[in-house]
Amino acid sequence: MAAVFGAIVAQEVIKATSQKFTPIDQFFFLENLECLPDQILPKEEYELKGTRYDAQIAIFGRSFNEKLRNLKYFVVGAGAIGCEMLKNFAMMGIGTGPKGHVTVTDMDSIEISNLNRQFLFKGSDVTQLKSDTAARAVKNMNPDLNIYSKSVKVANDTENTFDHDFWNQLDGVVTALDNFPARLYVDRKCVFYHKPLIDSGTLASKGNVQVVVPPLTESYGSSTDPPAKETPICLLHSFPNNIEHCLQWAREDLFEGQFVKNPEIVNSYLANPKLYISSLSPNMRYPTLEILKEALLDYKPDFDDCIRWARMLFEQRYNWRHRQLLHNFPEDYTDQNGVPFWSGAKRPPKPLVYSPDSPDRHDLDFVVSATFLRAYTLGINISELKPSDLEAYKERIKSFSLSLKVPDWTPKHGIKIVTDERITKEVEREMDDDEEIKSQEIISRLEKLHTSTKANPLTFEKDNDQNFHIDFINAASNLRAYAYGIKPVSRLKSKIIAGRIIPAMITTTALVTGLVCLEIYKLLKENYKIEDFCNTFVNLALPLFQQSEPIPPTKRKFLNKEFTIWDHIDIKEGDITLEQFIAYVKKNLKIVVDMLGVGSALIYSSFGPKGKERLPKKLSQLVEQISKVQLGSHQKYFQVEITGTDLQGRDIEDMPDVYFWFRD
């Protein structure tokens, strides 16, 4: 409650001093009586002995406090919410008892931008692992805390770390994640092992808490938000109408394409040239070979060649491409219905003529940053950081770029430009005969090349102002905005949007984690009910506070019995054969198996040609053989998807999840 009210009061102080957001203009009342014991405890339960937990004991009693200390909890994520959660755990004493512990995992390292909201980290911790650093910090707060830190993600491919025994011994899980797939995976594990899960999230002044309690509530994955709307390809490549389109293009197409993906292609080729060429799909063969040609055959290993490359990149992206677009679709072009093509949000681009002295544009910034990034990725510069004499370099780059003779633009015929806004993925291209001839010429030249110098793919880093990453993206985006008549933005705004910085407020984080801990108190009660728990949504800016009872799980029927998501069928007959498995299912589940699947692998089909020959083989052996995935020593079971009919020949439409245990 201290964390909850502290966060609310702190936000009200910020409102008063900043004159931003709406203050609370009434009495605010919040109670959580459901946390309290259901019955009056003996007087000795409340005896205080001068420990750090006396305030907690005075409310809940000594036995309750010992239960809290011996809890085994898993905190997934050590970001803003994860740090605050671990601090709360240390203060509450969770995991400090002889049988208790807290495990935290996070595969990320600390960045400079984390320091303003992830308070367990200091400036000296930058580049260190979040989980290790957070664990050390809370251990200093409470030396009795038994905490274990991991630096691996929680997913299918790390089940050798977070195995059956790990999940089985937990008392609960708290997620502090920023991605949906990881949340779903943790949710599925909690459902299978019947472990309470409390999920929370924040976005600026907004926050939410969802409680998942077996078997009383629905799971996290039972109801999901609609998927985020994807930007149509045509808006990114040819018809942007806002600065977000320009920044996404600058980050994904230019920066990632030129300085991440292309160097990775070069390194993959150099690792095994013949194998790499043979593995290229027909539609990607020529474009990939063009990248190799430019990086390995056409370039000269000197800084001036990087200036030439950057200058030509400007021409290709801001002059020639726009001329080609206007060649395909002139400004007076109309469609088959007589409607002007360039209408509504669709704006005709203006081809840009290179002008490094223009005060309103970023021509020189683009060429300078592109030059340095190119020089580093090709190993010409040993550092990607800005040199101390950057201004002198700018003058050199400006002078040399103006002296270059740029070829005249000539229109290309047969160029297809996507105009359908319903298309959100790249359209596959087909290679023509001319490209096949050029491909063979490039391969012939590459075979004669003898080099072992690898490229240096960049890792996007938005927080280091000494590199050229944000400088390049800001210049590239604003040049595109200028060409399309879109208002440019500042470098800081470009950094926020392109860096996908999710706004975070420590007040919201503190409030949300306080609410999570209140729900943990409720989970320790002996006879809790669904109405004891609260899902919460808050918006401190409005201010808005909404609490609701969790939704119970949907009830379905199988073999005339009700079941929910918390029910599953375990088949523990040892490592039996496929034939024995099918017989067991028919006898005990009253299902005639038509098809059997494990993951994406079809193990058995009653009408398939290999069905009969697979029957004598062990089911685990078939899974390894067909899926081509080795079952690790840590694995004890896998989920089986059964399609079939009942004994009367009627299709089985719904049934609980089925798990086959091939090891004890």
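## Salt bridges, to begin with

A salt bridge here is a side-chain nitrogen of Lys or Arg within 4 Å of a carboxyl oxygen of Asp or Glu. Going by that, a search of the whole structure turns up 28 salt bridges. Keep in mind that this is a predicted model.

## The overall picture

Let's step back for a moment. The protein has 664 residues, and 47% of them are buried. Its secondary structure adds up to 21 helices and 15 strands. Measuring along the principal axes, you'd need a box of roughly 90 × 75 × 55 Å for the C-alpha atoms.

Take the contacts between residues at least 6 apart in sequence: 70% of these join residues at least 24 apart. As for the surface, the protein exposes about 34,300 Å², with carbon and sulfur atoms supplying 51% of that. There are 81 positive and 89 negative charges, and the mean positions of the two sets are 2 Å apart.

## A pair inside one helix

Side chains of opposite charge can pair when their charged atoms come close. One such pair is arginine 69 with glutamate 66, whose closest N and O atoms are 3.3 Å apart. Both sit in helix 3 (residues 62-69), three residues apart, which is about one turn of the helix.

How exposed are the two partners? Arginine 69 has a relative accessible area of 16%, so it falls under the 20% cut-off and counts as buried. Glutamate 66, at 32%, is partly exposed.

## Pairs between helices

Now for arginine 374, which forms a salt bridge with glutamate 294; their closest N and O atoms are 3.9 Å apart. This pair links distant parts of the chain: arginine 374 belongs to helix 13 (residues 363-377) and glutamate 294 to helix 11 (residues 282-297), 80 residues apart. Arginine 374 is buried, with just 5% relative accessible area, whereas glutamate 294 is partly exposed at 27%.

Aspartate 304 and arginine 396 also meet in a salt bridge, at 2.9 Å from N to O. Aspartate 304 lies in helix 12 (residues 303-328) and arginine 396 in helix 14 (residues 390-403), so their pairing ties together parts that are 92 residues apart in sequence. Aspartate 304 is partly exposed, at 27% relative accessibility, and arginine 396 is partly exposed too, at 38%.

## A shared network

Which residues do shared salt-bridge partners join into one network? They are Lys386, Asp465, Asp471 and Arg491.

Key
Residues numbered from 1 in each chain as written. Heavy atoms only, no water. Helix = DSSP H or I, 4+ residues; strand = E, 2+ residues; numbered from the N terminus. Buried < 20%, exposed > 50% of the residue type's maximum accessible area, 1.4 Å probe, protein only. Contact = heavy atoms within 4.5 Å. Areas by Shrake-Rupley, 256 points an atom, 1.4 Å probe, with all protein chains shown as cover. Lys, Arg positive; Asp, Glu negative; His and termini not counted. Charge placed at Lys NZ, Arg CZ, Asp CG, Glu CD.
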